[in-house]
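This report walks through one protein model, from its helices to its internal cavities. Keep the sequence and the coordinates open while reading.

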Amino acid sequence: MDPQDLNVMLVAGCGVVLLAVLAVRLTTRSGLPTLLLYLALGLAIGEDGLGVELDDFQLAQNLALIALALILGDGGLTTRLDTLRPAGPLALVLATVGVAISVGVTAAGAYWLLDMDLRTALLLGAIVSSTDAAAVFAVLRRLPLKPRLAATLEAESGLNDAPVVVLVMLLASDAWDGATPWGIGAQVLYQLVVGAVIGLAVAWAGHWVLARAALPTAGLYPLATLSILLLAYATASVAGASGIIGVYLAGILLGNSTLPHHRATLAFSEGSASLAQIGLFVLLGLLADPSRLPGSFGEALIAGVVLTFVARPLSVVVLARPMGLNWRESAFVSWAGLRGAVPIVLTTVPAAAGVAGSEQIFDIVFLLVVVFVLLQGPTLPWAARVAGVTDETPTHEIAIESAPLDELRADVLEVDVPPGSRLAGVWTADLRLPRGAALVLIVRDGQPDVPDAHSVLRVGDQLLIVTTRAVRAETEQRLRAVGRSGRLAGWLESR
C-alpha cells in the first residue's frame, strides 16, 4: 500500500466517523436507535452500495472483539459499586444460569421450528442469548429506573457476554466433535474464573502504578487507563481465559478507585467506546449481504419471537422471582433484554471457523437484531411506566469536570513563594488581585488549605489562582509587584 492509498483510506474512514457522529443528533431527535443508523451506513458503503467489499470474517472477528472490549471496559469504568452490590447476585445468576436457560429454549425452538441440526441450533441459541452492553448502557441510563433494576440490567449485560463468547467459540471449534456437557461446563468455568482473576490483578497493579506515578501531562492518564484495560483483555486471552470478563471487571475496579484526573479519564473512555461502537456497527453492516437478507426474514422472526416471548421471560421468571422481584419488575427486566452488536459480533465466530450454516446464522441474527431493536428500544420508556418501575425521585450523579476552564475562558496559575520574596508575610486580603481573579488554594508542606482574608503567606507556599484570561496579564503584573515590594507595592511603585 503506497502513501496515497493510505491517505484515501484515511479520508474515507474520517468521513464515515464524522457522518456517524453527526447522525447521533438525528437519531436523538427521531427516537431511532443509533445502532440501526450505523448498520445502515455500513450497508450503504458495502458491496451493494458504494462497492466496498469485506468478506474476511477472521479479520472482522478480531476487530469486533477488540471493539467489544473497549465498550465493556467503558461500561465497567462507569459502573458504581454502591449500586452494583445489591444487584450483583441477581445479575450474576441471570448472566450464567439465565443464559443457559435462554440458550436451551431458543436452540430447541430453532431445532424444531426451523429444522436446524443440533449444532447450528445451539450456535443460534448461544449467539442471541446475550444482552448487549452498549445498547443497555445507552438506553437505560436515560431512564429514571429504580436503582436495583437499573443496576441489575447493566451488570447482567456486562457479565453475560463472557460466558456466551466462550460457549460460541467452543461450539464453533473442533472441540465440538468430542464435547460433553460436563466438559463444556468445565471449560466455561475455567475461562470465566481465570479471566476474572487476571483482569482484577492487572487492574490492581495498574492502579498501584498510576496512583504513584507523576506523569508530566494530564492527558497521559486517560491513555494509561485505556492501556491497562486492553492489557487486562489481552493478558487473559493469551492465558486461554476470557478477556471479555477480564476487561469488564478491570474497568469496575479502576472506575471505583481514586485515580488522578478521573473525570477526564471517563470522558476519554466514553469517546473511545463511542468510536469503537461506530466502527463495530459499520463493520458489521459491511459484512451483510442485502440481497440475501429477505430470504431469512421469516426465520429471524420465528427465532426472535421464541427468544423474546418465551426464552427470556422464562429465564427471568424462574430466577428473578425467587430473588425478590415482583411480577411487574420481572416483566420489565424480561422486555429490557436488548440485543445489539454482541450477537452480530458472535456470528463472525462460526463464519471464520467455516462452520456449515454460518451464513444462515449471520442473516437470521442480523435481521433479528434490527427488527427487535426497532420493537424494544423505543418502547422501553412506555414499558417502564406501565410496569411501575420508574423512580419517583430519581437522582443523577453530578458530572464535575476537573477543570472546564476552556469553556469559562479562564486559567489556573501556580505561584511559588521563594526565599526572599516579599509575598511572604502578606495577608491574602492585601494581594488585591483584579476583579476576575481569585486565590483558591494554598499548598503548604504538602497539605492543601482554602485561604480566607486572614491567611498569611509563607516562604515555600504554592498558590493556585484562577483568573479569567481578560485579566490574566494584570494578575501576573500585580503578583510580581507584590513579590518585589510587599503589600504596599501599588503605592511604593507609583512613587
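Helix 7 is a good place to begin. It covers residues 147-159, 13 residues in total, and its first and last C-alpha atoms lie 18 Å apart, close to the 18 Å expected at 1.5 Å a residue. The model is a predicted one.

**Two covered helices**

How many of the 13 residues of helix 7 are buried? Eleven are, and the helix is mostly covered. The buried set runs through L149, A150, A151, T152, L153, E154, A155, E156, S157, G158 and L159. Two glutamates, E154 and E156, are therefore among the residues under the 20% cut-off for burial.

Helix 8 comes next, at residues 161-172. Its twelve residues should span 16 Å at 1.5 Å a residue, and the end C-alpha atoms are indeed 16 Å apart. Why is helix 8 described as largely enclosed by the rest of the structure? Because eleven of its twelve residues are buried. The buried residues of helix 8 include the run D161, A162, P163, V164, V165, V166, L167 and V168. L170, L171 and A172 are buried in helix 8 as well.

**The chain as a whole**

The protein chain holds 20 helices and four strands. Of its 495 residues, 47% are buried. Contacts with a separation of 6 or more are counted next: 79% of them join residues 24 or more positions apart. The chain exposes about 23,900 Å². Carbon and sulfur atoms supply 63% of that area.

**Two buried residues with distant partners**

Q191 sits in helix 9, residues 181-212. Its relative accessible area is 13%, so Q191 counts as buried. Beyond its neighbours within four places in sequence, Q191 is in contact with V166, G240, A241, S242 and I245. V166 is one of the buried residues of helix 8. Q191 and A236 are 45 residues apart along the chain, yet their C-alpha atoms are separated by 8.6 Å.

I361 belongs to helix 16, residues 358-376. With a relative accessible area of 1%, I361 is buried. Which residues does I361 touch, leaving aside its neighbours within four places in sequence? They are T120, L123, I127 and T347. I361 and A121 are 240 residues apart in sequence, with 9.0 Å from C-alpha to C-alpha.

**Positive phi in two loops**

D115 is a residue other than glycine with a positive phi, near 55 degrees. It is placed in the loop between helix 4 and helix 5 (118-128). Is D115 buried or exposed? It counts as exposed, at 69% relative accessibility.

R432 also has a positive phi without being glycine; its value is near 50 degrees. R432 is found in the loop between strand 1 (410-416) and strand 2 (437-444). At 52% relative accessibility, R432 counts as exposed, because the cut-off is over 50%.

**Cavities**

The count comes to two cavities of 30 Å³ or more. Their volumes and linings are set out below.

| Cavity | Volume | Lining by class |
|---|---|---|
| Largest cavity | about 60 Å³ | two nonpolar, five polar, three charged |
| Second largest cavity | about 30 Å³ | five nonpolar, three polar, no charged |

The largest cavity is lined by L94, G98, V99, S102, S129, T131, E156, R312, S315 and R339. Helix 4 (81-113) and helix 13 (297-320) each supply at least two residues of this lining. Which helix gives the largest share? Helix 4 does, with four residues. E156 links this cavity to helix 7, where E156 is among the buried residues.

The second largest cavity has L77, P222, T225, L226, L229, T265, F268 and S269 in its lining. Helix 10 (220-238) and helix 12 (262-287) each supply at least two of these residues. Helix 10 gives the most, with four residues. No charged residue appears in the lining of the second largest cavity, whereas the lining of the largest cavity has three.

Conventions:
Residues are numbered from 1 along each chain as its sequence is written. This is a predicted model: local features need pLDDT of at least 70, side-chain atom pairs count only at pLDDT 80 or more; totals for chains, interfaces and linings use all residues. Side-chain values use heavy atoms; hydrogens and water are left out. On a 1 Å grid over the protein atoms alone, a cavity is a set of points where a 1.4 Å probe fits but cannot get out, and a pocket is an open set with protein on both sides within 12 Å along at least five of seven lines; lining residues have an atom within 4 Å of a point. Grid points are joined across faces, edges and corners, and a volume is the space filled by probe spheres set on the points. Ala, Val, Leu, Ile, Met, Phe, Trp, Tyr, Cys and Pro count as nonpolar, Asp, Glu, Lys and Arg as charged, and the others, Gly among them, as polar. Buried means under 20% relative accessible area, exposed over 50%, partly exposed in between (1.4 Å probe, protein chains only). Contact means heavy atoms within 4.5 Å. Accessible areas come from the Shrake-Rupley method with a 1.4 Å probe; for residues, only the protein chains shown count as cover. The expected span of a helix is 1.5 Å times one less than its number of residues.
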